[in-house]
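Biologist: I'd like a close look at a single part of this one, please. Could you take me through it slowly?

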Amino acid sequence: MGTLARRLGTADAVVIGLGSMIGAGVFAVFAPASAAAGTGLLLSLAIAGVVAYCNARSSAVLAAQYPVSGGTYVYGRERLGPWWGFTAGWGFVIGKTASCAAMALTVAAYVAPEFARPVAAAAVLALTVVNYFGITKTAGLARVLLAVALVSIGAVLVAVFGGGQVDAGSLGGGWTGGVTGVLQAAGLLFFAFAGYARIATMGEEVRDPGRTIPRAISVALAAALVLYAVVAVGLLLVLGPEALARSRAPLADAVRAGGMDWLAPAARIGAAVAGLGALLALITGIGRTTLAMARNHDLPGWMAGVHPRRQVPHHAESVLAVVVCVLVLTLDLRGAIGFSSFGVLVYYAIANASAFTLPAGLRRMPRWLPVLGLGGCLLLAATLPWQSVLAGVLVFAVGLGGRAVVRARRA
């Protein structure tokens, strides 16, 4: 089996992680989160941010100790045992595959809503080809997509805060759904933060991983949290929680509500570009985790193939492209967010449990931090919409049951 080349520096890692978060959070998740929490949206964002911070610290110290492809799949195997590693890897693959479909559908909804599904499939195939030509091409394109997305979001925020059509009362009042609604919204918003540790799944391709990975994760998470907070405040001030909950394109609607319709195209361009950036990073991360699982025979061994010249997991990414294309033809966008959050929260719960087992000299953080992260992940997963929880439990049961059958046959 081939190995991957270490070609990514700190800036590349930050761009890939931040690009995935911005695409997921700003354009896809605020509407369903507002429907759950109402004016408690900002509190939900803070809760999601705290849980994400705990997960980021745990992921960073683990990635420094195990700088290979696979992320928490590897950490769980090494610290807790093969079954826990498989559970984490399975959660990541299924959750992030649903995220790929969500991002592709978001792009298509802004670019060509009348042809959303075929356009989404075309976007998946196009970015899979980009990944095929090597990780440096992926990082280079991610820089361009992120820059365009940030400029577009900046224009939208100018319209939102400069239009004069704001209502400070939207930031107060009760919480729709009470405490449960706030926690459910935090679980949905977690979908937006999950990209911060994407670089940990590519530990085999990072230069000086012990220093690069922790720094990149911290920078990307902090930058995304600030941006989310500004955008959330703007959306609530202009649209209010009820209109935000109903919106299919919140930033574009906020621009129009602010009286600057001429800037509405900027919201659509930003959504499409940021969604492409997120999709690009998702394909990259899932391919590396699938590679790691196939190397350990937790997935078919031929999926561990690495292209001899391009040094990318081309078998894994090709299969992923086919699966995501099938999903975008059948999946509902908002349901995909909840399902993705469930799978990824399980993934990070195992990351925190793994970090807890590290000796003090390697952990480099208070022991209560991974405990808080573990508890937070489980709480947010349990309070997601029941349809997402049920679907997640069933898919985990299928994966674990399948592994048990395969192991029994090999015995």
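Biologist: How many of the 32 residues of H11 are buried, and why does that matter for how the helix sits in the rest of the structure?

Modeller: Sure, but a heads-up: this is a predicted model, where local features need pLDDT of at least 70 and side-chain atom pairs count only at pLDDT 80 or more, while totals for chains, interfaces and linings use all residues. Residues are numbered from 1 along each chain as its sequence is written, and side-chain values use heavy atoms, with hydrogens and water left out.

Now, your helix. Helices here are DSSP runs (H or I, at least four residues), numbered from the N terminus. H11 covers residues 264-295. Of its 32 residues, 27 are buried, so H11 is largely enclosed by the rest of the structure. "Buried" means under 20% relative accessible area, "exposed" over 50%, and "partly exposed" in between, using a 1.4 Å probe and protein chains only.

How far does H11 reach? From first C-alpha to last, H11 spans 47 Å, close to the expected 46 Å; that expected span is 1.5 Å times one less than the number of residues.

Keep following the chain and H11 is followed by His297. This residue belongs to the loop between H11 and helix H12 (314-328). Have a look at its backbone: phi of His297 is near 65°, a positive value in a residue other than glycine. As for cover, His297 is partly exposed, because its relative accessible area is 45%.

Notes: Helix = DSSP H or I, 4+ residues; strand = E, 2+ residues; numbered from the N terminus.
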